Amino acid sequence: MKTNIASCLILFLLILINPILLQAQKIPVNFGRVNPEDFNVKSPLIDSNTNAVIIADQGDVSFEGNDHGWVSYVYKRNCRILFLNTKAIDLATVKLYFNKDEEYKQKLDKVSAITYNLEGGNVVQTKLNTDDIFEEKIDKNRSLKKFTMPAVKAGSIIEYSYIIKSDYIYFLPEWKFQSQYGPTLWSEFKLGIPGLLSYLSSSQGTRPYDIVQPGETYKDYSIRRKRDLHSLGMQAEESFTVSSPVVTKRWVKKNVPEFVNENFISTPNNYIDKISFQLYETYDGEASQKVSDSWKTIAGQLLEREDFGVALNDNNFWLDNILKDVTTPNDNLLAQAKKIYYYVQQNFTCTDPDNFFIKTNLKDVVRKKSGTVGDINMLLLAMLKRKGIIVYPVVLSTTDYGKNSVNYPRLDQLNYVIGRAVIDYDNYLLDA
């Protein structure tokens, strides 16, 4: 009887200890150090069709106080990839998108990128030159920073890391546990959210997490802000510290197979294993305030932007000189709309199908005879409006950008605009 009790007790303790051991598992990679044996990666997920292996991918989001009275997130990423051939060479280029805004600052920091090749049994390093980090302006509100790993060939291991500090806390970096380019042996995402903020999370995918580790801690946030001294006609900077509980969580998926793009699916982004976060509520120590935007709010904001809706509100009288050669006075509204549509479609070239904002201004679009999808279709709407036709811009996302939330829209997942014209009570959706 004693033996049975002891056995049961040992079994019970193992049941308790096993989850603890499971939660304590660490990433099986020593970032920054690559040995010759690291090039010999074994996994049942690797076969003759495998082009690359994401050995380990690790993301971490935490928060810190900023200098305008609130907090910013700090996103750290470390990634190691083995190339079995060059068919997955797209993985060697890292693209990071940034919002350009006077109020919300974003900064890329501490970029480290090294390519490792095994030559004669020795590991040879090729480091990325910081001069090879390029920035491209997408429009007045967005930019792209990117770098391509040097000396990548079949058999190379690449390893890169970077830090992004951002005041734009409404959306945290989305984390993908799965890749279209090869299997992922270890994918880990950690998050520490202060009690000042509440986020809605959306988890997508069919595979369960191998590790889910919740926790809680406390942290002091050093915050600075400027305060107006109206009596003196000047500003003073004040500093204070906020102590807040921090809810932490760690998600890990191991040995995730490559995502296979099957026929007839809209886009991998709708099915790939990932997790995303959107700010829902803030707390200032006294009261909570919901901040998640509705579609109505987003629509109102877009219509007030100079690089979008305001272009339709301007007095675009200068377009009349163009329109007099496109339409004739005896045309009814539908005939005029058709002529304007075909004029824009046949005389303007789209240079960027993934940007629904007006990159410069409509006069510049006419001068260049080219522009983004936003430039061209908003020009179309402006011309239609000059003829007295009721028009509305219709913002959407193409299949590559995935589905948007019905309740909580994400502006970064909207990339295309078409026009809606109302003529004789009929609706026409137009894409020039």
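Reader: Why is Lys-110 counted as exposed?

Author: In this predicted model, Lys-110 has a relative accessibility of 59%, and since exposed means over 50%, the residue counts as exposed. Lys-110 is found in strand β4, residues 106-119, and has a positive phi of about 50° although it is not a glycine.

Reader: What makes Tyr-425 exposed, and where is Tyr-425 found?

Author: The relative accessibility of Tyr-425 is 81%, and because the cut-off for exposed is over 50%, Tyr-425 counts as exposed. Tyr-425 is found in the loop between β19 and β20, and its phi, near 70°, is a positive value in a residue other than glycine.

Reader: Why is Lys-219 called partly exposed?

Author: Lys-219 has a relative accessible area of 32%; buried would require under 20% and exposed over 50%, so a value in between is called partly exposed. Lys-219 is found in strand β12, residues 211-229, and, leaving aside residues up to four places away in sequence, touches Phe-63, Val-242, Ser-243, Ser-244 and Val-246.

Reader: What makes the pair formed by Phe-63 and Lys-219 a polar contact?

Author: The backbone oxygen of Phe-63 lies 2.5 Å from a polar atom of the Lys-219 side chain, and because a polar contact is a pair of N or O atoms within 3.5 Å, one able to donate a hydrogen and the other to accept it, this distance satisfies the cut-off. Phe-63 is also among the residues that touch the most other members of the largest nonpolar core, which has 44 residues, and strand β2, residues 71-83, gives the most to this core, with six residues.

Reader: How do you know that the buried residues of α5 are on the same side of the helix?

Author: The buried residues of α5 are Gln-336, Ala-337, Ile-340, Tyr-341, Tyr-343 and Val-344, and they cover an arc of only 165° around the axis, which puts them on the same side of α5. An α-helix has 3.6 residues a turn, so residues three or four places apart point the same way. These buried residues pack against α4 (320-323), α7 (373-386), β19 (416-423) and β20 (426-430), and a second, separate core of 37 residues includes Ile-340 along with Leu-312, Ile-322 and Val-366.

Reader: What span is expected of α5, and how far does the helix reach?

Author: Helix α5, residues 333-347, has 15 residues and reaches 21 Å from its first C-alpha to its last, close to the 21 Å expected at 1.5 Å a residue. At the start of α5, a side-chain oxygen of Asn-332 reaches to within 3.2 Å of the backbone nitrogen of Leu-334.

Notes: Residues numbered from 1 in each chain as written. Predicted model: local features only at pLDDT ≥ 70, side-chain atom pairs only at ≥ 80, totals over all residues. Heavy atoms only, no water. Helix = DSSP H or I, 4+ residues; strand = E, 2+ residues; numbered from the N terminus. Expected span 1.5 Å × (residues − 1). Buried < 20%, exposed > 50% of the residue type's maximum accessible area, 1.4 Å probe, protein only. Arc of directions from axis to C-beta. Contact = heavy atoms within 4.5 Å. Core = buried A, V, L, I, M, F, W, Y, C linked by side-chain atoms within 4.5 Å.
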